[in-house]
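Subject: Structure handover

Hello,

Here is the structure I promised to pass on. My notes follow below it.

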Amino acid sequence: MGRRRFLRRAGGLALGLGLVPLVGCEDNTVEPLAPGTEIPFLTPTEDYYVQHGGAVLSQEWGGVQQIARDDWTLTIDGLVETPLTLRFSDLEAMMDEAVTVLKTMRCITDSTAVPGLIGNALWTGIPLRRVLERAGVDRQRTRRLRLYGSDGFTNNLPLDRVFENPADDLFEPLLVFAMNGEPLTAEHGH
């Protein structure tokens, strides 16, 4: 059985098993992985698909962004009490809040025409809500977060998805800094 077929079957089984405890339960939180947990079906980082069409779009957007750790910043402004710019050292100071989750991701363009855009990885990061709370996001007036990348990519995320963590989502959004136990690579969004 190939990796792709195995992942489909294992994903369906995992989803089915994951939903069983949710039925009729008050508490549907999912605990982060325990340190030392072995996961035999991780996709090696070098084999993990690259978002946005890989090299083609990366070239259109000026190539893969190479940002030195000391130059990286995250600015939170708009409908907030205190506009905030964080450096990587600020995130390092929050490492006691970091969690590691196992997550399978599949690109929306994964198909028989463009196969292989799926993978399993351990993602480690700080819950996004923690940094938004530091800035004092106005939860009454804010509906969506608008995200801007240094490479020109933009996206948005409903604020409820960050703070409410609805029952149909297993993990809250993370500000990720590591993949499979190693620093996030430039190709995967460092």
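Arg146 stands opposite Asn156 in β6. The pairing behind this is antiparallel: β5 (residues 144-148) and β6 (residues 154-158) share 5 bridges. Two strands count as paired if DSSP finds at least two bridges between them. The β5-β6 hairpin has 5 residues between its strands, and Gly152 there takes a positive phi near 95°.

A word on the basis. This is a predicted model, in which local features need pLDDT of at least 70 and side-chain atom pairs count only at pLDDT 80 or more, while totals for chains, interfaces and linings use all residues. Residues are numbered from 1 along each chain as its sequence is written, and side-chain values use heavy atoms, with hydrogens and water left out.

Overall make-up

The protein chain has 5 helices and 8 strands. Both are DSSP runs numbered from the N terminus: helices are H or I with at least four residues, strands E with at least two. Along the sequence the pattern reads α-α-β-β-α-β-β-α-β-β-α-β-β. Of the 190 residues in the protein chain, 27% are buried. Buried means under 20% relative accessible area, exposed over 50%, and partly exposed in between (1.4 Å probe, protein chains only). The accessible surface is about 12,400 Å², and 54% of that belongs to carbon and sulfur atoms. These areas come from the Shrake-Rupley method with a 1.4 Å probe; for residues, only the protein chains shown count as cover. Among contacts with a separation of 6 or more, residues 24 or more positions apart account for 64%. A contact means heavy atoms within 4.5 Å.

The open sheet

A second set of strands forms an open sheet of 4, in the order β3-β4-β7-β8, with antiparallel pairing. At its edges stand β3 (99-106) and β8 (182-183); each has a single partner strand, so one side of each lacks a neighbour in the sheet. β3 and β4 are joined by 8 bridges and run antiparallel. Met105 sits opposite Gly119 in β4.

Thr124 also belongs to β4 (residues 118-127). Thr124 is buried, at 14% relative accessible area. Beyond four places in sequence, Thr124 touches Ala98, Val99, Thr100, Leu175, Val176, Phe177 and Ala178. Its side chain makes a polar contact of 2.7 Å with the side chain of Thr100. Polar contacts are pairs of N or O atoms within 3.5 Å; within protein, one must be able to donate a hydrogen and the other to accept it, and residues adjacent in sequence count only if both atoms are side-chain atoms.

One backbone detail is in the loop between β7 and β8, where Asn180 lies. Asn180 has a positive phi of about 55° although it is not a glycine.

The cores

The largest nonpolar core has 22 residues. Such a core is a set of buried Ala, Val, Leu, Ile, Met, Phe, Trp, Tyr and Cys residues joined through side-chain atoms within 4.5 Å. Residues with the most contacts inside it are Ile76, Leu91, Leu128, Val131, Leu132, Leu145 and Val162. Two or more residues each come from β2 (84-87), α3 (88-92), α4 (128-135), α5 (159-163) and β7 (174-179). The largest share, 4 residues, is from α4. Apart from this core lies another of 10 residues, including Tyr49, Cys107, Trp123 and Met179.

In α4, Leu128, Val131, Leu132 and Ala135 are buried. They sit on the same side of α4, because they cover an arc of only 100° around the axis. That arc is taken from the directions from the helix axis to the C-beta atoms. Just after α4, Gly136 has a positive phi of about 70°.

Around Ile76 and two threonines

Leaving out residues up to four places away, Ile76 touches Thr82, Pro83, Leu84, Val131, Leu132 and Ala135. Thr82 is in the loop between β1 (73-76) and β2. It is partly exposed, at 43%. The C-alpha atoms of Thr82 and Arg134 are 8.0 Å apart, with their positions 52 residues apart along the chain.

Thr85 lies in strand β2 and is partly exposed at 48%. The side chains of Thr85 and Thr75 are joined by a polar contact of 3.2 Å.

Best wishes
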